[in-house]
Amino acid sequence: MDVRGYLRLLGQRWVLIVSVALAVVAGAVAVTYTTSPEYASTARLYVATAKSSSIDAYRAGELSEQRIASYSELSRSRELAAAVIERLGLAMDPGQLAGQVTTEVVPKTVILALTVTAPDPAQAQSLTQGYAAVFIDMIRELETPQGLKSSPIKATIVDSAALSSEPVSPQPGKSLGLAVVVGLLFGLSYAVLRDSLDETITSIAELALLSDAPLLATINYDAGIARSRLITSVSPYSPSIESFRVLRTNLQFADVDARRRVVVVTSALQAEGKTTAALNLALALAAAGQRTLLIEGDLRRSQAASALGMDGSVGLTSILVGDVSADDAIQRHLNTPLDLLASGAPPPNPTELIQSKRMAELLAWARTTYDKVIIDAPGLLPVTDAAILASLSDGVMIVVRHGKSTPAHLRSAVDRLNSVDANILGLVFCMVPERGVPTARRYSATVTS
């Protein structure tokens, strides 16, 4: 991914990145303010080798340097910790005390810094001083040859343990600063991972690569329409309303030499925005003075009548089974000049009803009665109803949802329409974030309409 790709990712996923960073910072805050403070005290030991006629100053220093590395490891032994506990009369486990000890050899010297941490500063000082004293005795005992009374190696305290009033942990400033950096890195990494695994369509350029069908409109996400599904519920100056006006205009100019009165609105799968698109396209057409009929062609999961606040119990199925006439089943929306033919009662055989002779006769009647007939059809891939309706109509619009529809599903949907010789008028790209769509990822195959 190049720099532009990362900038695009930041613009698209900044909410995710910030959310992950805030979660890490919140965790760091919780740990910081629930952790008991720890204080540290340090004593410094000087390790020297006695000089003699057989050991010159250089070799003595070399021997001291060799020994001090071993002493650093020895300082964390359980045996030394047990000796310190015994001398100071502590009620502690040797392993616990040894875990509180750290040592550091000052580079290019024979000085060993011994540090002990404890919940109390006075206790840390006492433990460090006791540790240094016992440690010196242990070194003397280990380095005294058998039969002799003195050791050639001598350790001396050159800096006694000091009392510290500032805890070494936690340190809120450092912890929170580190948490911010780590959180942002985790957030960016997670965003990159999600982007690399995201197989959905997220750009207009991707649509152009996937299909030759024209893009009729791009519908941005609108919270008001997301709640009510209707453009009548938002401001008349809303960009979403203008998007549906653009869709209305482009539909009128699609294949201007043919009178495409019956238009099916569908998508590859359910929940991709086709009902919302059909509803608002019909409302936009009616508002422009065209006599418009909206038909709920989804006999399994009808939603248009409910969104309009109208009765859906009598409608298309009632006509197809011969219970009522079209004039009796069609309702006029109270707030707009839109006519609705609801789906009616759910039938046990929706596909058989859709492909019946009465359905073809109903659409033929609607062509002569209305300027535009919009059919809200089910998804193309789960059932064959939409393909049947498409074969009976004058044209089909495919709704593609940003961040949900996939290239594979779009290809399959177009293939299904092509198999029934349906006329694909174009695509509608809906639920697009207000910040726009990112740069396209490349796909090798193009779907023809």
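**Group meeting talk: a walk through the sheet, the cores and the salt bridges**

Okay, let's start with one residue: D339 is buried, because its relative accessibility is just 5% and the cut-off for buried is under 20%. Keep in mind as I go that this is a predicted model.

So who does D339 meet? Its side chain forms a salt bridge with that of R332, at 2.5 Å from N to O. R332 itself is partly exposed, with a relative accessible area of 47%. So we have a buried acid and a partly exposed arginine in that pair. The two also stand opposite each other in the strands, with D339 sitting in β9. Strand β9 covers residues 338-341, and it pairs with β8 in the antiparallel sense over two bridges.

Now zoom out to the sheet those strands belong to. It's an open sheet of eight strands, and the order goes β5-β12-β11-β6-β10-β7-β9-β8, with mixed pairing. Which strands stand at the edges? Those are β5, at 215-220, and β8, at 331-332; each has a single partner strand, so one side of each has no neighbour in the sheet.

Let's move along to β6, residues 262-267. Six of its six residues are buried, so the rest of the structure largely encloses this strand. If you remember your strand geometry, side chains in a regular strand alternate between the two faces of the sheet. In β6 both faces are covered: on one side you have V262, V264 and T266, on the other V263, V265 and S267, and all of them are buried.

What does β6 pair with? On one hand there's β10, residues 372-376, running parallel to β6 and joined to it by four bridges. If you want a pair to click on there, V262 has V373 in β10 as its bridge partner. On the other hand there's β11, residues 395-401, also parallel to β6, with five bridges. There, T266 is partnered with I398 in β11.

β11 is worth a moment too. Six of its seven residues are buried, so β11 is also largely enclosed by the rest of the structure. It goes on to pair with β12, residues 424-432, in the parallel sense over six bridges. V400 and F429, the latter in β12, are bridge partners.

Right, on to the cores. As background, nonpolar side chains in soluble globular proteins tend to be buried together. In this model the largest nonpolar core has 45 residues, and the members that touch the most others are L316, L341 and L410. Which helix gives the most to this core? That's α16, residues 385-392, with five residues. A separate core has 36 residues, including L251, V263, L281 and C430. You've met V263 already, as one of the buried residues of β6.

Back to L316 for a second. Setting aside neighbours within four places in sequence, its contacts include I295, L299, L341, I354, M359 and L362.

Now for the salt bridges elsewhere. The whole structure has 10 of them. One joins the side chains of R44 and D159, 2.9 Å from N to O. That one links distant parts of the chain: R44 is in β1, residues 39-49, D159 is in β4, and they're 115 residues apart. Both ends are partly exposed, R44 at 30% and D159 at 36%.

While we're in β4, have a look at T156, since that strand runs over 153-159. T156 touches R44, L45, Y46 and I136, leaving out residues up to four places away. T156 and L45 are 111 residues apart in sequence, yet their C-alphas are 5.4 Å apart. T156 has 32% relative accessibility, so call it partly exposed.

Another salt bridge is D137 with R87, at 2.8 Å, N to O. This pair goes between helices, with D137 in α5 (121-143) and R87 in α3 (78-88), 50 residues apart. D137 is partly exposed at 25%, and so is R87 at 49%. R87 and D137 also belong to a network with R140, joined by salt bridges that share partners.

Last stop, the surface. W14, V15, V18 and L22 make a nonpolar patch of about 370 Å². L22 sits in helix α1, residues 3-34, and at 55% relative accessibility it counts as exposed.

That's my tour; happy to take questions.

Terms used
Residues numbered from 1 in each chain as written. Predicted model: local features only at pLDDT ≥ 70, side-chain atom pairs only at ≥ 80, totals over all residues. Heavy atoms only, no water. Buried < 20%, exposed > 50% of the residue type's maximum accessible area, 1.4 Å probe, protein only. Contact = heavy atoms within 4.5 Å. Patch = residues over 30% accessible without salt bridge, like charges linked within 9 Å, V, L, I, M, F, W, Y side chains within 5 Å. Areas by Shrake-Rupley, 256 points an atom, 1.4 Å probe, with all protein chains shown as cover. Salt bridge = Lys/Arg side-chain N within 4 Å of Asp/Glu carboxyl O. Core = buried A, V, L, I, M, F, W, Y, C linked by side-chain atoms within 4.5 Å. Pairing = 2+ DSSP bridges.
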